[in-house]
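Biologist: Could you go through this model with me? I would like to begin with overall shape.
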Amino acid sequence: MSAQFVIFGLLAVTSVATALAMIFSRNAVHGVLFMVGNFAAVALLYVLLGSPFLAAVQILVYAGAIMVLFLFVVMLMGPEPAPLWEHIPGQRPLALLFGLLLAAGLIAAVNVEELTGVPGIMSQEVLERLGQPTALAQTLFERYLLPFEVTSLLLLIGMIGAVVLAKREKHELQAERAPREGGAE
Amino acid sequence: MGTADFVEIVVKSLVIIWALLTGFAYMTWFERRVIARLQSRVGPNRVGPSGLLQPLADGVKLMFKEDIVPAEADRALYLLAPLVAVVPAIMAFAIVPVGPSVTLFGRTIPLHLADMNIALLYFLGLGSLGVYGVVLAGWASNNKYALLGGLRASAQMISYELAMGLAVLSVVMLAGSLSLVDIVNAQAGGRWFILLQPVAFLIFLVTMIAETKRAPFDLPEAEQELVAGFHTEYSGMKFALFFMGEYIAMIAISGVAVSLFLGGWRGPFAEQVPILGVLYFFVKLVAFLFFFVWLRATLPRLRYDRLMHLGWKVLLPLSLANVVVTALAVVARDTGFFGLW
């Protein structure tokens, strides 16, 4: 048993355990922290796969930026007991279906050589080359430039949507402010 | 990896940790003496010559202080938070080259722990992880002042991280690498990036003070409004750990700033005499640390809305514009558009 295998085992167990703990923890702040732990474990798995760049981005973007915002919101809202089940009709069978599809896709992608006899494109050399920032940048900015830009546009639309939803009209603000200003002051 | 490599890594890690902890202790002495001088006072001068043993006395005092955990605190996170504040700060220094390679016992030893092509991403990532210590301390204390301090810290870090990343990016574009070792090498012959990237340098300077929560950006612990902010409930060594995190972060971020903009260890004859390189690095580092202290003694704290305004409406657009201009200049250089370079 190689050292790499032991480290992989530890990281795999940690990532699954933190993911489960995140789902089952009652305290939202603890949940956020378990998720950060999960991101850290997954980032270390990337390092093990020879892609320190992805690992750094995982930490920087998810653990460092997005989860800090999550924590910010959770702390602002305070300990609010969230409803345990959300009822969207047909949500659970659909979730199960898509979960199984995703799992099947992932298993097929990882075992593509054993299933079809044709070697997959992700050989060890390809993985090592792709782990370098320059190779990744070339893939993103040359080969897949259009999808990349479309994705960023999508994110921009999401951002504008959030601003529109959160923005309150002037007269709404004034209506809210008026009784307060007339009060104790 | 052979045994010798392993020993080298362990020894270097121990030296870095030792140097940072000693640096922290003497940074507190340095800050108190310098601020005293700037305010026409004397400062601590009783323990040892010129007060040089003061950090030791402070350490002993803090160790014997009563260690209080508030009854309603989230105990596990309350104990974890100070550690989370310190560890990323120590880890960040691993990428900073403090000198050229030296030859010891027949081995060529480069004077940095890790040379990766993602070094600056690693540094920015650790910087953003450091926030968790402060935010968790604020939340776990179950104290409204502490919570407000933690909230301020998280909002502040998010606001200044982007501008800092973009300022770093302009330097990365010029050097063509994310490794600090390569960036220092790209500044050989006195072509310091502060000369080519003055705007990025100023943006980095402002954001590095905001990221380390130092005055005039010390809103998470504004004592006039929030008692002591996120560390209101902490006492003894746990209280000291937050200061350790803050001061070590200052040292690490100054080391990165020196490597990014001031040529790192480079200077006259540094390549021939490695010890000179270490000396140059140290002098530049202390200059930055002095600047931190000088600012604290000079400037009043920013108001919170001004802080947000500066981060989002001034620094972010400015750093974006700087990146665009730098990108155009790099393309022009590489394609020989101007024929000047």
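Biologist: What radius of gyration does chain B have, and why would one set it beside that of a compact globule?
Modeller: This is a predicted model, so local features need pLDDT of at least 70, side-chain atom pairs count only at pLDDT 80 or more, and totals for chains, interfaces and linings use all residues. Residues are numbered from 1 along each chain as written, chains are lettered from A and ligands numbered from 1 in the order written, and side-chain values use heavy atoms, without hydrogens and water. Chain B has 21 Å, which agrees with the value near 20 Å for a compact globule of 341 residues; the radius is taken over C-alpha atoms, and the globule rule is 2.2 Å times the number of residues to the power 0.38.

Biologist: How many helices and strands are in chain B?
Modeller: Chain B has 12 helices and 2 strands; these are DSSP runs numbered from the N terminus, helices being H or I with at least four residues and strands E with at least two. From the N terminus, the order is α-α-α-β-β-α-α-α-α-α-α-α-α-α.

Biologist: What share of chain B is buried?
Modeller: Of its 341 residues, 51% count as buried (buried is under 20% relative accessible area, exposed over 50%, partly exposed in between, with a 1.4 Å probe and protein chains only).

Biologist: Turning to chain A, is Val118(A) buried or exposed?
Modeller: Val118(A) has a relative accessible area of 51%, so the residue is exposed.

Biologist: Where is Val118(A) placed?
Modeller: Val118(A) lies in the loop between helix H5 (112-116) and helix H6 (124-130) of chain A. Apart from neighbours within four places in sequence, Val118(A) contacts Val112(A) and Glu113(A), where contact means heavy atoms within 4.5 Å.
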